[in-house]
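Open the model in your viewer and keep the selection tool at hand. The stops below go from one chain to the next.

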Amino acid sequence: MDLLAIIRIAMRALGRNKMRSILTMLGIMIGVGAVIAMLGVGQGARQTVQEQIQAMGSNLLFVGAGTVTRSGMHMGWGSTKSLIYDDMLAIMRECPTAHAAAPGSSSSGQVVFGNDNWATRVNGTEPQYFDIRVWPFQEGSAFTQNDVEMAANVAVIGETVRKNLFGATNSIGQTIRINNLPFRVVGVLVPKGTSAAMGDDQDDIILVPITTLQKKITGQNWLRWIMVSAVSRQASYAAQQQIAALLRDRHRIRPAEDDDFFVRNLADMADVADEAGRVMTLLLASIAGVSLIVGGIGIMNIMLVSVTERTREIGVRMAVGATERDVQQQFLTEAVVLSLLGGGIGILFGLSASYLITKTLGWPVLVSPVVIVIAVLFSMAVGVFFGFYPASRAAQLDPIEALRYE
Amino acid sequence: MATTSQPDVKGATKQDHETIILVRDVHKYYELGEIRVHALRGVSIEIKRGDFVTIMGASGSGKSTFMNILGCLDQPSAGRYLLENIEVSGLSKRQLAAIRNHKIGFVFQGFNLLSRTTALENVELPTLYARISKAEGEKRSREALALVGLGDRVAHFPSQLSGGQQQRVAIARALVNQPSILLADEPTGNLDSRTAVEIMDIFQKLNDDGLTIVLVTHEPDIAQFAKRSIQFRDGRIRRDERILNRPRASEVIQNLPKLED
Ligand SMILES: Nc1ncnc2c1ncn2[C@@H]1O[C@H](COP(=O)(O)OP(=O)(O)O)[C@@H](O)[C@H]1O
Ligand SMILES: [Mg+2]
């Protein structure tokens, strides 16, 4: 008998018990649907996180001032005064893996333009900061090294600040007041959006020359952080080691003592996020596994009932020439059709659900064809695996006893 | 009945005396725990092509057991069975299934039609397991149904047919693969006497066209339509004789009262 005929017979047999067939498929349907939906959302989220980390520059190292205990806890970030500008120069001089570095200091500031008023973070840094963070300008440009040397009153603003202070009016060349000091706006950064890793608005920021911030706003000459870019992503791990060793040496920290700084590696963070994604995927896969097994057991159960109910039919088929293999194939096909139909409907459900969820969250819908192919193969495998035993039972029936069965 | 669409004649006149079934000292026992039920105790029989044999005997005398062996649904515990010179006792399950499909048509007392399946599809069933196309199978099935007088009932379900009509569908199914032999185990057991004679009329006509038939019945009225009568008792053949002056079922029907339905 050709496959088409077998499938046709299977469809008809299942069609005779529509309600039962649908209920049996439900397990596979829900399992596959849930997994497709969650994978779709998960992939979308993961991709978003990775893109944002990538956008920050995956060679990036973040050196922060603060105590780090042996267990790796940061105590009071920025509370220490030991991180200084010379540390940055030393990193550039002595760490061959460091490609560029920018110092940073931070303050909160009240910003005023005309009648508009906005509270934001004000960071002081040097022009190379924008290159290290791979952060281009939508208008204007960065302040210059000359501005840094002169401690000039110039500012680069983020999109959130621009929107709140200027709205539709042009911002370049305008004078704003930060903590009552006048600053000329020289550049507006392109929006980066909310950081998926930290959850804060990266565009709610003003950047001024580090010297200006230290001398005119905070009056403090130590640094809160140093941004370093390594020569490559791989080198960022070595850079992390070198910087830590160098700073321990420069800060005269004895072997038993805790660091008074911390070095965070963005490549590391990307890996952590990636790892979290992998764990999530694994978790989903096990949920999928469990639901597919439960669905499969449902199929096996119904197929066993079906074989018993149709014992006489099996006897008749054998009497007119069906071989064991024919009978086996027929019931196996029914099981596979059940599981494939369930899986197929599940995929449709999952796709619509993940589309809806990601649409609401504003993430990209990401259901790769591979996932769908795997889902189809898995549902098929479930049908074969759980249909095998009932089908064998049917094939092993003795024709005479089957014909006599009431 | 149209002789052109009639299945399997296989040179009825030419090979009238060819042996189609040869059974030699066949035994069958069933082991039921400690007890051994001896259903057949040495049955030997030879049936020529074109014969029409009835097997009679009391209930439990081994008729069905013997028919199941003839029909390759079961294997003898001892002895030999040759169907068209093929030694059946040595065949695999797969080969037995093929023989049931090609060489044997089986008709049961309880019809054994698939419910919720049309008459045509029931008849098509054996063609699904034969190496013929779907179109050819459907064509043959329609012919077989026409042959038993049900050409206008192809789309009916068993539940929409009378007992006699259901048995005719079963006969059409038995004929569809053009078997060498038709086996019927009490085919009229569930039918009223007039319908039973109608079924015998079909068998007689099929036999006239050369089909070999072996039929089990416990009714002497039914047995008389055959050419040869074999009597079973306690798993042995007690009597084997030719039937002389057998009546024509078609003529007997004329004298039977017409039924209401
Ligand atoms: N599957 C079986 N298991 C045990 N005993 C059986 C089986 N089939 C038939 N028999 C026994 O074999 C004997 C012959 O049975 P059967 O051939 O059905 O008789 P008949 O058809 O002539 O009424 C009976 O005694 C019956 O009980
Ligand atoms: Mg019997």
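## Stop 1: an enclosed helix

Select helix 10 of chain A, residues 311–319: 8 of its 9 residues are buried, so the rest of the structure largely encloses this helix. This is a predicted model, so read each stop as a prediction. Show side chains along helix 10 of chain A. The buried set is Thr311(A), Glu313(A), Ile314(A), Gly315(A), Val316(A), Arg317(A), Met318(A) and Ala319(A). Glu313(A) and Arg317(A) are both on that list of buried residues. An α-helix has 3.6 residues a turn, so residues three or four places apart point the same way.

Now step past the end of the helix. Gly321(A) follows helix 10 of chain A, and its phi is positive, near 120°.

## Stop 2: Thr212(A)

Stay in chain A and select helix 7, residues 210–218, where Thr212(A) sits. Is Thr212(A) buried or exposed? Thr212(A) has a relative accessible area of 0%, so it counts as buried, the cut-off being under 20%.

Next, show what touches Thr212(A). Leave out neighbours within four places in sequence, and the contacts are Ala151(A), Ala152(A), Asn153(A), Phe183(A) and Ile217(A). Of these partners, Ile217(A) lies within helix 7 of chain A, residues 210–218.

## Stop 3: chain A as a whole

Zoom out and colour chain A by secondary structure. You should find 13 helices and 11 strands. The radius of gyration of chain A is 33 Å, well over the 22 Å of the globule rule for 406 residues, so the chain is more spread out than a compact globule. Turn chain A along its principal axes: the C-alpha trace spans about 105 × 55 × 30 Å.

Switch to a burial colouring. In chain A, 49% of the 406 residues count as buried. Then try a contact map. Take the contacts in chain A with a separation of 6 or more: residues 24 or more positions apart account for 77% of them.

Finish with the surface. Chain A has an accessible surface of about 19,100 Å², and 62% of that belongs to carbon and sulfur atoms. Colour by charge as well. Chain A carries 33 positive and 33 negative charges, and their mean positions are 4 Å apart.

## Stop 4: chain B as a whole

Move to chain B and colour by confidence. The average pLDDT of chain B is 91, and 93% of the residues score at least 70. Select residues 1–14 of chain B: here the pLDDT is below 50, and the stretch has 21 contacts in the model beyond near neighbours in sequence. For the complex, the predictor gives an ipTM of 0.91 and a pTM of 0.72.

Back to secondary structure. Chain B has 8 helices and 10 strands. How does the radius of gyration of chain B stand against that of a compact globule? Chain B has 18 Å, which agrees with the value near 18 Å for a compact globule of 261 residues. Its C-alpha atoms fill a box of roughly 50 × 45 × 45 Å along the principal axes.

Repeat the other colourings. Buried residues make up 53% of chain B. Among contacts in chain B between residues at least 6 apart in sequence, 71% join residues at least 24 apart. Chain B exposes about 11,700 Å², with 47% supplied by carbon and sulfur atoms. The side chains of chain B include 35 positive and 32 negative ones, and the centres of the two sets lie 4 Å apart.

## Stop 5: one loop, two positive phi values

Select the loop of chain B between strand 6 (104–107) and helix 3 (119–128). Most residues other than glycine have a negative phi. Asn112(B), in this loop, has a positive phi of about 55°. Arg116(B) belongs to the loop too, and its phi is near 55°, again positive in a residue other than glycine.

Compare their cover. Asn112(B) has 6% relative accessibility and counts as buried, whereas Arg116(B), at 48%, counts as partly exposed.

## Stop 6: Glu84(B)

Last, select Glu84(B), in the loop between strand 4 (78–83) and strand 5 (86–87) of chain B. Glu84(B) is buried, with a relative accessible area of 15%. Draw a C-alpha to C-alpha distance from Glu84(B) to Thr188(B): it reads 27 Å, across 104 residues of sequence.

Key
Residues are numbered from 1 along each chain as its sequence is written. Chains are lettered from A and ligands numbered from 1 in the order in which they are written. This is a predicted model: local features need pLDDT of at least 70, side-chain atom pairs count only at pLDDT 80 or more; totals for chains, interfaces and linings use all residues. Side-chain values use heavy atoms; hydrogens and water are left out. Helices (H or I, at least four residues) and strands (E, at least two) are DSSP runs, numbered from the N terminus. Buried means under 20% relative accessible area, exposed over 50%, partly exposed in between (1.4 Å probe, protein chains only). Contact means heavy atoms within 4.5 Å. The radius of gyration is taken over C-alpha atoms; the globule rule is 2.2 Å times the number of residues to the power 0.38. Accessible areas come from the Shrake-Rupley method with a 1.4 Å probe; for residues, only the protein chains shown count as cover. Lys and Arg count as positive and Asp and Glu as negative; His and the chain ends are not counted. The place of a charge is taken as NZ of Lys, CZ of Arg, CG of Asp or CD of Glu. pLDDT is the predictor's confidence in each residue, from 0 to 100.
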